[in-house]
Amino acid sequence: QVQLVESGGGSVQAGESLRLSCEVSGYTSRSNCIGWFRQAPGKQREGVATIYTGAGSSYYADSVKGRFTISQDNAKSTVYLLMNSLKPEDTAMYYCAAIATWTWSSVCSRLEDRSFAYWGQGTQVTVSS
């Protein structure tokens, strides 16, 4: 059973930083794409960043490019999302997700939630102005 557990959310002021963590367990070695998604109240869930774990390639939504960084620590089976220069519009529930099996980097790069089979419970990020 694949489990993803997020942590690190909280309430911050605009311009501050947060680092989210996603601890992955029971993850099949054939799976090679993990991502962060977010959903604000009344809005659709959107892809924030993904990492193609074999190559270490990362992909970002335009709204977070240059501010957010996704990374992995294989020894800890953890994926991180470092969020700098946070804005009020970044306020949302953030979810970690994993694709169920091996996939192409082109799929990982699309940041489409329909491609991801396993999801964490989410961690809230609130940014005040």
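Is Trp119 buried, exposed or partly exposed? In this predicted model, Trp119 has a relative accessibility of 25% and therefore counts as partly exposed. The cut-off for buried is under 20%.

Trp119 takes part in an aromatic pair with Phe37. The ring centres are 5.0 Å apart and the planes make an angle of 55°, so the geometry is classed as tilted. Phe37 belongs to strand β4 (residues 33–39), whereas Trp119 belongs to strand β10 (residues 118–119). The pair therefore ties together parts of the chain that are 82 residues apart in sequence. The partners differ in burial: Phe37 is buried, at a relative accessible area of 1%, while Trp119 is partly exposed. Five aromatic pairs are counted in the structure. Phe37 and Trp119 also share one aromatic cluster with Tyr95 and Phe116. A charged group adds to the surroundings of Trp119: the charged end of Arg45 sits over the ring, 3.9 Å from its centre.

Disulfides were examined next. A search of the whole structure finds two. Such a link is a covalent bond between the sulfur atoms of two cysteines. One disulfide joins Cys22 to Cys96, with an S to S distance of 2.0 Å. Cys22 lies in strand β3 (residues 18–25) and Cys96 in strand β9. These cysteines are 74 residues apart, and the pair links distant parts of the chain. The torsion about the S-S bond is about -80°, so this disulfide is left-handed. Both Cys22 and Cys96 are buried.

The other disulfide is formed by Cys33 and Cys108, whose sulfur atoms are 2.1 Å apart. Here the value about the S-S bond is 85°, and the link is right-handed. Cys33 lies in strand β4 and Cys108 in helix α1 (residues 105–108), so parts 75 residues apart in sequence are tied together. Cys33 is buried, as is Cys108. With bonded cysteines counted along the chain, the disulfides follow the pattern 1-3, 2-4.

Strand β3, which holds Cys22, also contains Ser21. Ser21 has a relative accessibility of 15% and so counts as buried. Leaving aside residues up to four places away in sequence, Ser21 touches Val5, Glu6, Ser7, Trp36, Thr78, Val79 and Tyr80.

Strand β11 (residues 123–128) shows a two-faced arrangement. In a regular strand the side chains alternate between the two faces of the sheet. In β11, Thr123, Val125 and Val127 point to one face and are buried. Gln124, Thr126 and Ser128 point to the other face and are not buried.

Pairing of β11 involves β2 and β9, among the strands considered here. Strand β2 (residues 10–13) pairs with β11 in the parallel sense, over four bridges. Within this pairing, Val12 has Val127 of β11 as its bridge partner. Val127 is one of the buried residues of β11. Strand β9 (residues 92–98) pairs with β11 in the antiparallel sense, over three bridges. Tyr94 stands opposite Thr123 in β11. Thr123 is likewise on the buried face of the strand. Strand β9 also carries Cys96, which is bonded to Cys22.

Definitions and conventions:
Residues numbered from 1 in each chain as written. Predicted model: local features only at pLDDT ≥ 70, side-chain atom pairs only at ≥ 80, totals over all residues. Heavy atoms only, no water. Buried < 20%, exposed > 50% of the residue type's maximum accessible area, 1.4 Å probe, protein only. Pairing = 2+ DSSP bridges. Disulfide = S-S within 2.5 Å. Phe/Tyr/Trp six-rings, centres within 6.5 Å; stacked < 30°, edge-to-face > 60°. Lys NZ or Arg CZ within 6 Å of the ring centre and 35° of its normal. Contact = heavy atoms within 4.5 Å.
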